[in-house]
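Student: I am new to this structure. Please take me through it step by step.

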Amino acid sequence: MTTTPKNMKNNIRTILKKAVACAIDFFYPKAVVCACCDKEAMINKIGLCESCAKVLEPYTGQRDLFECLDGFSSGLKYKLSIHRAIYRFKYYNRPDLAEFFVQFMIPEKSWEIDYVVPVPIHFLRKLTRGYNQSFLLARSIALKYGYAVNTKMLKRTKYTVSQTRNGMQQRERNIIGAFSVNKNLARNRCLLLIDDVCTTGSTLNECARVLKEAGALKVFAITACKTDGI
């Protein structure tokens, strides 16, 4: 196709517009919403404003906390700013925040994993919320690390009220009998449980217990954050 002076002029105009736009973005970055405080601000590459980035703490605690788990890890310490992000993630229709949390949820290299298994929620809770936040985390981790997600292996069969204000012993009593397992899917498998928050570990421990009773070889777990409880 022959290039005419008019075409050249239009091409130059387009290139100049793109150059100006890039320069504006570089010198005057657009303000977007911080993943933690939910305020409009200049954010860093992991999605946080300067204030929230300063108080963010990775989890560096014990990895062998729970009786039925073969390994445990968590992304972040459950501080106030993270509490706000988790609350929006679970209760205020912000499934997009899964990608923020998954940045910090790193499986141990020594873990052999056949399936990623999200901790299930009762169907009534899912009906109210619209999604299972643990599944969103599990799906993102599976895509990031090349695992397969299995949502049919572990089911929540018992509805329990929020355990936020319960102590460890009460949580353990409430969670007993809350899950059922498809033995054919769990048998001889190494599994990675995914959940949003670990407080006492009662839920993860019960999931691991019933999975191992069904024949799972090993069960590991990662959560988005961990409280200071134990």
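Tutor: Start with a definition. On a 1 Å grid over the protein atoms alone, a pocket is an open set of points where a 1.4 Å probe fits, with protein on both sides within 12 Å along at least five of seven lines; a lining residue has an atom within 4 Å of a point. Grid points are joined across faces, edges and corners, and the volume is the space filled by probe spheres set on the points. This is a predicted model: local features need pLDDT of at least 70, side-chain atom pairs count only at pLDDT 80 or more, and totals for chains, interfaces and linings use all residues. Residues are numbered from 1 along each chain as its sequence is written, and side-chain values use heavy atoms, leaving out hydrogens and water.

Student: What is the volume of the second largest pocket?

Tutor: Take the space filled by probe spheres set on its grid points. For the second largest pocket, that gives about 230 Å³.

Student: Which element gives the most to the lining of this second largest pocket?

Tutor: The lining has 14 residues, with Pro120, Ile121, Lys126, Asn132 and Thr151 nearest the centre. Helices (H or I, at least four residues) and strands (E, at least two) are DSSP runs, numbered from the N terminus. At least two lining residues each come from β4 (115-118), α5 (123-129) and β5 (154-156). With three residues, the element that gives the most is β5.

Student: How many helices and strands does the chain have?

Tutor: Count the DSSP runs by the rule just given. The chain has nine helices and eight strands.

Student: What share of the chain is buried?

Tutor: Buried means under 20% relative accessible area, exposed over 50%, and partly exposed in between, with a 1.4 Å probe and protein chains only. The chain has 230 residues, and the buried share is 42%.

Student: Which element gives the most residues to the largest nonpolar core?

Tutor: A nonpolar core is a set of buried Ala, Val, Leu, Ile, Met, Phe, Trp, Tyr and Cys residues joined through side-chain atoms within 4.5 Å. The largest has 36 residues, and Ile82, Phe101, Met105, Leu137 and Ile194 touch the most other members. Two or more residues each come from α3, α4 (97-102), α6 (133-145), β7 (190-198) and β8. With five residues, the element that gives the most is α4.

Student: Which residues does Phe101 touch, not counting those up to four places away in sequence?

Tutor: Contact means heavy atoms within 4.5 Å. On that basis, Phe101 touches Leu76, Ile82, Ala85, Ile86, Phe89, Leu137 and Ala224.

Student: How many salt bridges are there?

Tutor: A salt bridge is a side-chain nitrogen of Lys or Arg within 4 Å of a carboxyl oxygen of Asp or Glu. One of them joins Asp38 and Arg88, at 3.7 Å from N to O. Asp38 sits in the loop between β1 (32-33) and β2 (40-41), and Arg88 in helix α3 (residues 80-91), 50 residues apart. By the rule, the number of salt bridges is 11.

Student: Which residues are linked with Asp38 in a network of salt bridges?

Tutor: Asp38 is partly exposed at 33%, whereas Arg88 is buried at 11%. Arg94 and Asp96 form a salt bridge at 3.0 Å, N to O. Linked with Asp38 in the network are Arg88, Arg94 and Asp96.

Student: How far apart in sequence are the parts tied together by Asp228 and Lys79?

Tutor: Their side chains form a salt bridge at 3.8 Å, N to O. Asp228 lies in the segment after β8 (218-226) and Lys79 in the loop between β3 (71-77) and α3, so the pair ties together parts whose separation in residues is 149.

Student: Why is Cys52 not bonded to the sulfur of Cys49?

Tutor: A disulfide is a pair of cysteine sulfur atoms within 2.5 Å, and the count here is zero. Cys52 is buried, at 7%. Its closest cysteine sulfur, in Cys49, is too far for a bond because the gap is 3.7 Å.

Student: With which residues is Glu112 in contact, leaving aside neighbours within four places?

Tutor: Glu112 is in the loop between α4 and β4. Glu112 is exposed, at 61%. Its C-alpha atom is 6.4 Å from that of Cys190, 78 residues away along the chain. The contacts of Glu112 are Cys190 and Phe220.
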